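Q: I'm new to this structure and I'd like a close look at one part of it. Could you walk me through the packed interior and the aromatic rings, and then show me a couple of loop residues for contrast?

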Amino acid sequence: MPHREGGQSYIYLNDGKAGFQKRIPFGPPDAAIRMAAAADLDGDGLIDLVVIDERHGAFIFFNQGKRVFSAGVPLGNSKASPYALAVADLNHDGKIDVIVGNVQAPSIVYFNDGSGRKFVPLEFGDNKGTVYGFAVGDLDKDGWMDIAAARSDAPNVVYFGRPPGK
């Protein structure tokens, strides 16, 4: 549960009976985390967290096991204000990539090199409006993931995936 208004974010643990009394704090106690996504980024079998903080950027909190998460590791060094987040394997390498939408700035795909610790950024789109949501799927059934971006103050748009070099 990200905290967007300057407070502590938590992971709430299901007790198996739809009870969520146990929780694990993550991130700073004064966070402005708009969204979080969960995925195993480093291939260790543990679910990590990717978050976007409207004031400070995108971060990864690596799951270290036994209900412990690392301090936030910055993802890229974009000066843009992040506003949307999604995770998916966009380049068919079996590793989860991170998609960040921004306020009046191009969106960015961070391609995972497989370690979960190094990402290659690729900007896409324009700097119009604010991306406030993504949907990822193979819309044209060509085998490559496509990205639909919902935006305010600009038209919604679909970016079609394709193999490298095409």
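A: Here is a walk through the interior, the rings and then two loops.

One thing before we start: this is a predicted model.

Let's begin with the nonpolar core. The largest one has 15 residues, and Leu75 and Val98 are the members that touch the most others in it. Several strands feed this core: β3 (33-39), β4 (48-53), β5, β8 (97-102) and β9 (107-112) each give two or more residues. If you click on Val98 and set aside residues up to four places away in sequence, you'll find it touching Leu41, Val50, Leu75, Leu85, Ala86, Val87, Ile108, Val109, Tyr110 and Phe119. Apart from this core lies another, of twelve residues, with Ala86, Leu90, Val109 and Val131 among them. As background, nonpolar side chains tend to be buried together in soluble globular proteins.

Now go to strand β4, where you'll find Leu49. Is Leu49 buried or exposed? Its relative accessible area is 9%, and because the cut-off for buried is under 20%, Leu49 counts as buried. Leaving out residues up to four places away in sequence, Leu49 touches Ile11, Phe26, Ala37, Ala38, Phe59, Ile60, Phe61 and Phe69. You can also look from Leu49 across to Gly116: they are 67 residues apart along the chain, with C-alpha atoms separated by 11 Å.

Two of the residues that Leu49 touches, Phe26 and Phe61, bring us to the rings. The whole structure holds three aromatic pairs. A pair like this is described by the distance of the centres and the angle of the planes. In one of the pairs, Tyr10 and Tyr12, the ring centres are 6.0 Å apart and the planes sit at 55°, so the pair is tilted. Tyr10 counts as buried, at 19% relative accessibility, whereas Tyr12, at 35%, counts as partly exposed. Phe26 and Phe61 make another pair: their centres are 5.6 Å apart and their planes are at 70°, so this pair is edge-to-face. Phe26 belongs to strand β2 (residues 22-31) and Phe61 to strand β5, so the pair links distant parts of the chain, 35 residues apart. Both Phe26 and Phe61 are buried.

Some rings have a charge over them instead. The charged end of Arg34 sits over the ring of Tyr83, 3.6 Å from the ring centre. Likewise, Arg117 has its charged end over the ring of Phe62, 3.6 Å from the centre of that ring.

Phe62 turns up again in the loop between β5 (57-61) and β6 (73-74), where Ser70 is found. Leaving aside neighbours within four places in sequence, Ser70 is in contact with Ile60, Phe61, Phe62 and Gln64. Though it sits in a loop, Ser70 is buried, with a relative accessible area of 13%.

For contrast, try Asp140, in the loop between β11 (130-137) and β12 (146-152). Asp140 is partly exposed, with a relative accessible area of 36%. Not counting residues up to four places away in sequence, Asp140 touches Asp146 and Phe160. Glu123 is 17 residues from Asp140 along the chain, and their C-alpha atoms are separated by 22 Å.

Methods. Residues numbered from 1 in each chain as written. Predicted model: local features only at pLDDT ≥ 70, side-chain atom pairs only at ≥ 80, totals over all residues. Heavy atoms only, no water. Helix = DSSP H or I, 4+ residues; strand = E, 2+ residues; numbered from the N terminus. Buried < 20%, exposed > 50% of the residue type's maximum accessible area, 1.4 Å probe, protein only. Contact = heavy atoms within 4.5 Å. Phe/Tyr/Trp six-rings, centres within 6.5 Å; stacked < 30°, edge-to-face > 60°. Lys NZ or Arg CZ within 6 Å of the ring centre and 35° of its normal. Core = buried A, V, L, I, M, F, W, Y, C linked by side-chain atoms within 4.5 Å.
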